[in-house]
Amino acid sequence: MLKVYEELKFDNPDGGAWKQGWRVTYPEGKWNSDNMLYVFVLPHSHTDPGWVKKFTDYYTQQTKPILDNVLNVLSADSRRRFIYAELSFFSLWWESLNAARKETVKRLMKNGQLEVATGGWVMNDEANAHYAAMVDQLIEGNQYLHGTTGFTPRSGWAIDPFGHSPTMAYLLKRSGVTGMLIQRVHYTIKKHFARNKNLEFMWRQLWDKDGTTDILCHTMPFYSYDVPHTCGPDPKICCQFDFARMSPSPYSCPWRVPPQAITDSNVADRAAMLIDQYKKKASLYRSNALFIPLGDDFRYDKADECDKQFNNYQKIFDYLDKNPQLGVKAQFGTLSEYFNKLHELTGSTPDSKPEDYPVLTGDFFTYADKDDHFWSGYYTTRPFQKQMDRHIETSLRSAEIALTLAAVYQKKHRLTGFPEDQMMQLLVEARRNLGLFQHHDGITGTAKDFVVVDYGERLLKAENNCRTVTAEAVSFISMATKSDYKQNRFFDIDETRPTHVSLIKRNVLQVSSEPSAVLLYNSLTHPRQQVVNLHVSDPNVEVTDAHGKVVTSQTDPYWTEPSIMSQERFKLSFVAEVSALGIARYQITKKRKNVHHSLGKVTYYNSEGPSEKSAFTVERKNSMEFTLASSHLEASFSGSTGLLKTVKMKSSGQVHKSEVSFQTYGARSGKERSGAYLFLPDGPAKSLRVSHPVIRVVSGPVVSEVSVFINHVQHVVRLQNSPGTDGRTVDMYNLVDVRKETNYELAVKISTDIHNIDKEFFTDLNGFQMIKHKTFDKLPTQANVYPMPAMAFIEDDKTRFSVLTAQSLGVASLQTGEIQVMLDRTLNQDDMRGLGQGVRDNTLTPNRFKLMFESRSAPPIKDRTSGFPSLQAHMTYLHLVHNIQILPQKSSVSVPPLISQHSFLSGSLPCDVHLLNLRSLQQSYDGPITRSDDSALLLHRLGLDCGISSHGLPCTDTQGKVRLRDLFSDTLGVKEMRRTSLTLLHDKGPTSLDSDLTLNPMEIYSFKVKW
Ligand SMILES: [Zn+2]
């Protein structure tokens, strides 16, 4: 795709009826009774699980009637078809059906009249969503669908996500899907593809050398998925074949020519008009099969509409059947029927490439539907919910793993007491709430304010559920005698969130002269050494590890205002060590004298600082450059602004420029302005003026940090003395508040000395893979902004600079050496994409990043289109988002004897193998949710750049070799593992537990585990 971008001019000439294309013609008589065009007309209804209405309101008011109607109209005539996608709605509907209606649904699926495509919980966003959450909602949807109806999806259907990612193609391919459809592709690219008959292609992963990831992809050619833009190039004609717009109707044709009912007297004329459009559309594709979607948002919600569409089309189909000389055989057909025909006509199979079909690699970001309307705003819109989403995602994974381990342990040791079914119910609710948010109006931030509130409340519920499950499972596992375990008694995760728009609050551990236990839970499959911090009631403490050894610790003030410290709450930091997939018990005791403990030293610049007395030393200094250091880094900061200037890597002595600044954009004036979807800036970014802000530095043996208080941002840069990955990176945290502004966008920019030639930069797609972009001067600023769910980097022959992010945001590299990350946006107006409002519900929003410089041992390969993070960057990212979870004992309880440390692995997994999930399966889909004894194990082998060496990692790289028998410790006793497709619907047979299994780089492997 990068090559296509380099070639295209991105001009926008008027193409006539097909405004963004050209006047399409085809040779007279091309299609005739000897060379038929096979047309598959597919009724569909796009049902958003939340957008301008709430999920449940859409369900009761529209989606339930739609699905009820579909069941009736399909049952009435076996020639009719329908496609559906969103399992979140389907599940509500299924539960409302009686046994007979359920049987009808199954029959219609079995005989091919009703196709469920993709079968995700939602039609997920492909820009901001992380692959872990995408997989999760796909498994939840596929499992529900199969568990209730026995149906297995074969085709992918994504007509509305705002740009498309190859990660989705990969996930579908590995789920057993053989053909997929996409719609929102930049109009110039659609036109370019249409010219070359490349709208259908084998979509291949950037990193795939032999085509094993190829999946047939159909791109819709025109502006939209509504009927005017799906029958052919002329919307004025096509609209006349949307019989739902036939009066009386709530819909009409903006081209002012209404549809006419098909009668014996007009059928010849009407059919001729329609097949002319079909033939024009068909001339943009390679085969004689043609796909025609027939639907729109929330269509078929009235019985009358269903009759109009199905009956009128059937009359045209019957007429064409009687007149084969017209060269068109048309019928209702599902997407899978269409793909089958395509394979039949091209002499290929669903697993093979039709001859002459092109292979494409790359992505479809950034999408524009017209003019310079690039949809890069939604990469950042509602960043609070985006960061909350990622936090819950990793909490859910932790909870999934903890529940499975606790429940399997309980079963193996014939114990009772751990409420596994109750925990399973909480977890399923969390999965579904988080799954719902992956919808392309959820995580994108493109729903109405009250829908955002609804999503927020569901996310909060999910977060609380995950916390409960993890706390209970970890408590149970930690008991030296498991029968001592009591539900909701001993430990809690040390964070709470009062409302769905609050920042996370840390609980305060009340320390006393008696040791208090704190459990640390590491859900990653390698041992970790990392700085953890918790809030304590006294600054003077002693921390002992699982072996009873006193560890170095530091207490810093907890600030309620820039210059006011709390007298009741203090921030304790120490380097913790937790084994692979393990739990460690630490103890914290109040202690006056402890040589291993220090109090943070506070220094203020540009301010007098606190006036009250405290246990901490406070100094005041004049504006002069200052430095902070950790074991591996030294960072220098401006004394007048407090912002980062350089980073020195101690091992090599190299000093890199890394100037942090804040940038702002306004919204351009005129009729078309920035909104929830669109970023239409009023010009280049302006630097936010920072003049002598309050700068507060706290330093100590464990953590040193500088906090700067500037207009709209509380900005914190932190260095940590840790042997782990956190000792080798600069931690950046911002607390953003743009509530007082209008039409205002804020970004943080890091300017480095990296010479990235041609302004090449790399961003991740869904945290799964990296793709190369170039900043093109021929494109406006908004076109050069890309999604950054996990990381971005720039590099030259010697050095790579990466920004890792704990939340999805937009990113650009507009000038050589720079990475700019969008942080928040507040916009006064609607951007005319149907939402009908601006974005003004901003709230205090945190975001967190890791900045890292790495030396290259070899220059990067030229002309590549993808890239890989180093192993160090992968580990740093995993550590950034998958916190070591902290479970302090509840106050005033006496805790029974605990095991001091525990690992569920017999060793540690290789560094480059990530345990994506260990997920408990649902026993059945009838009646209450219970846990099955089987679980799903998902392993992902990470792809690495070997030209960058890693340092001090607690695990090794075994070239992807894993012995499954060695994976889990004997206490769990794995009986059998079977390889399956990604979402567990296709069984691929048992896998040997005792021989080495080689996992290929980048691939995700699913197994069904019997314990
Ligand atoms: Zn939609």
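Let's start with strands β1 and β8: β1, residues 37-46, runs parallel to β8, and nine bridges join the two. Please keep in mind that this is a predicted model. If you want a landmark in that pairing, look for Phe40, which stands opposite Phe291 in β8. Strand β8 itself covers residues 289-297, and eight of its nine residues are buried, so to speak of it as mostly covered is fair.

Now follow β1 to residue 46, where the strand ends. His46 brings us to the metal. Which residues coordinate the zinc ion? They are His46 and His440, each through NE2, together with Asp48 and Asp160, each through OD, at 2.0 to 2.1 Å. Along the sequence, those donors follow the spacing H-x1-D-x111-D-x279-H. His46 and Asp48 are both buried.

What about the geometry of the site? The angles among the four donor atoms go from 89 to 168°. A tetrahedral site would need all angles between 85 and 135 degrees, so this one is classed as irregular.

On to the helices. Have a look at α12, residues 383-412, and α14, residues 449-478: they pack at an angle of about 30°, and their axes are 8 Å apart. The crossing of α12 and α14 is left-handed. And what kinds of residue make up the contact between α12 and α14? By class, there are 18 nonpolar residues, seven polar ones and one charged.

Further along the chain we come to two open sheets. One has five strands with mixed pairing, in the order β13-β15-β19-β18-β21. Its edges are β13 at 508-509 and β21 at 597-599, and each of these pairs on one side only. Inside that sheet, β15 (residues 528-536) and β19 (residues 564-578) are antiparallel, with nine bridges between them. To find your way there, try Asn533, whose bridge partner in β19 is Ser573.

The other open sheet has 12 strands, again with mixed pairing, and here is the order for anyone tracing it on screen: β23-β22-β29-β30-β31-β32-β41-β38-β37-β34-β35-β42. At the edges sit β23 (618-621) and β42 (866-867), each pairing on one side only. Let me pick out one pair from this sheet. Strand β31, residues 713-720, and strand β32, residues 730-736, pair in the antiparallel sense over six bridges. Within that pair, Val717 has Met732 in β32 as its bridge partner.

That's my tour, everyone. Thanks for listening!

Definitions and conventions
Residues are numbered from 1 along each chain as its sequence is written. This is a predicted model: local features need pLDDT of at least 70, side-chain atom pairs count only at pLDDT 80 or more; totals for chains, interfaces and linings use all residues. Side-chain values use heavy atoms; hydrogens and water are left out. Axes are lines fitted to C-alpha atoms, for helices over the stretch in contact, and angles run from 0 to 180 degrees between N-to-C directions. Helices (H or I, at least four residues) and strands (E, at least two) are DSSP runs, numbered from the N terminus. A crossing is left-handed if the near helix is turned anticlockwise from the far one by less than a right angle, and right-handed if clockwise. Ala, Val, Leu, Ile, Met, Phe, Trp, Tyr, Cys and Pro count as nonpolar, Asp, Glu, Lys and Arg as charged, and the others, Gly among them, as polar. Buried means under 20% relative accessible area, exposed over 50%, partly exposed in between (1.4 Å probe, protein chains only). Two strands pair if DSSP finds at least two bridges between them. Donors are N, O and S atoms within 2.8 Å of the metal (3.2 Å for Na, K and Ca); water is not among the atoms, so sites may look incomplete. Four donors count as tetrahedral if all angles lie between 85 and 135 degrees; four count as square planar and six as octahedral if opposite donors are over 155 degrees apart and all others between 65 and 115; anything else is irregular.
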